[in-house]
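Open the model in your viewer and keep the selection tool ready. We will go stop by stop.

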Amino acid sequence: MSKVYKKTSGNGALTLYLGKRDYVDHVQNVDPIEGVVKIDPADLGGKKVFVQLACAFRYGREDLDVIGLSFRKDIWFKHLQLYPAADHKPTLTPMHDCLLKKAGEQGHAFTFDIPVNLPCSVTLQPGPDDAGKACGVDFEVKTYISDVADPEEQLDKKDTARLIVRKIQFAPDATGAPGPKADICKSFMMSDKPVHLEASLDKEIYYHGDPINVNVKVKNETTKTVTKIKVTVDQTTDVVLYSADKYTKTVLCQEFGETIDANSTFDKSLTIIPLLADNKEKRGLALDGRLKDEDTNLASNTIMRDGMDKEVLGILVSYKIKVNLMVSSGGLLGGLTASDVQVELPLILMNPKPQDVGLPVGE
C-alpha cells in the first residue's frame, strides 16, 4: 500500500490502522471505513477492546470543559467490540488484507458504514490568536480499552488511539444544466429612462480555484455614466445544530473599471476566482474539513437530499455572487445609490471528482 495511517495508544497495547482518511459521499452511499486494530492481549488487564466511529460538532475550546460547558456534541456514533471477538465479523476486502499484513497476527479487522444523511466535514477557520482545535464538524475513529462499549467516565488517554477522518463530497457529473441568470430593470427619480442589468454564469457548478466568468449585460438608457462594476462573492454559513446562527462573509470583492456611457450598452464576461488564500485572516469562515494543518479550500456547498433533516447536517454552506453598477455624480442615479442597481446569482463551489485509482499493492 502506498500509505498507511496508524496511531498507537500510549500504553502500546493498541495500534489503529487505516488505509485512507478521505471517505467520499456519493449521494446514494458513502465509502465504508475499513480498518484494522492490532491488539496485544497481555496489556489489557482483563478489559475489552472497542472501536468507535463518531461524527461530532465542535463549537468551543476544550478548556471550556473545565467550567462545565460542553464543547463537543455527538451527532452520530457507533461502536464495535473487537476483543474478545463478538458479533462483528466484516467481509474482508483488499484494503483489510493490506492492513492485516501490516498489523500481523494480532490484527482485528473492522468496517463502519457511514449513513448518507450525515454532514460532510467542515472546519470554521480560527482567528490568528485562537488556540486548540477548530470548531466545525469532524469524524473520528477511536479504539479504546474499557469494560463497557460506551463508558460514562472519561477514558485514560493512554488507553486510546484515534485518527480524524474526513467525509467529503465531489461535484456530480456534469448535468448540462444552464447556469443561473438574473436581471433587473430600474427606473429612477428625475429620469423617465431605466437601466437594464443582466448577469449570468456559464454553468451550474464550479470547482475550487477555477476561474468563474460572470457575463454582464447593461443597457444604460439614462444620462448618467456607469464608471465601474463591482462583483462580490459571499459565503453564507448556517449553523443549525445548536442555534439559529447564520452569518455571511465576503470572500471576494473585485472592481472592474468598465465605463458605460449614457445611452449605450455593455456586454462582457468578467472573470473572478474566489480563493481561501485571499481570506486567511477571516475568523469563522467555513472551510472543507482539514487534517492537522494541511491546506484546504473554502467549504464546498452543502448538497441537500430530499427529506434530509437540516439539524443533523450541523453546518449549511452556500454562496452567492452580487453584481453592482457604480454610477458617476457622487454615486447617485436620480437619488438612488449605484449599489442598489444589483443582481444576485447562486454559486455552487465543489471539488472535482478524481479519477478512480485502484488499490496499490506493495510499498
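**Stop one: a valine and its neighbours**

Select Val323, which touches Leu197, Ala199, Val214, Val216, Ile229, Lys230, Val231, Val341, Gln342 and Val343, not counting residues up to four places away in sequence. Contact means heavy atoms within 4.5 Å.

This is a predicted model: local features need pLDDT of at least 70, side-chain atom pairs count only at pLDDT 80 or more, and totals for chains, interfaces and linings use all residues. Residues are numbered from 1 along each chain as its sequence is written, and side-chain values use heavy atoms, leaving out hydrogens and water.

**Stop two: the cores**

Now add Ile33, Phe110 and Ile321 to Val323. Of the 71 residues in the largest nonpolar core, these four touch the most other members. Strand 19 (residues 315-327) gives the most to this core: seven residues. A nonpolar core is a set of buried Ala, Val, Leu, Ile, Met, Phe, Trp, Tyr and Cys residues joined through side-chain atoms within 4.5 Å. Buried means under 20% relative accessible area, exposed over 50%, partly exposed in between (1.4 Å probe, protein chains only). Helices (H or I, at least four residues) and strands (E, at least two) are DSSP runs, numbered from the N terminus.

Next, find a second, separate core of six residues, including Tyr17, Met95, Leu99 and Ala103.

**Stop three: a sheet**

Four strands form an open, antiparallel sheet in the order 1-2-4-7. Two strands pair if DSSP finds at least two bridges between them. Strand 1 (5-8) and strand 7 (107-112) are at the edges with a single partner strand each, so one side of each has no neighbour in the sheet.

Select Lys38: its bridge partner in strand 7 is Gly107.
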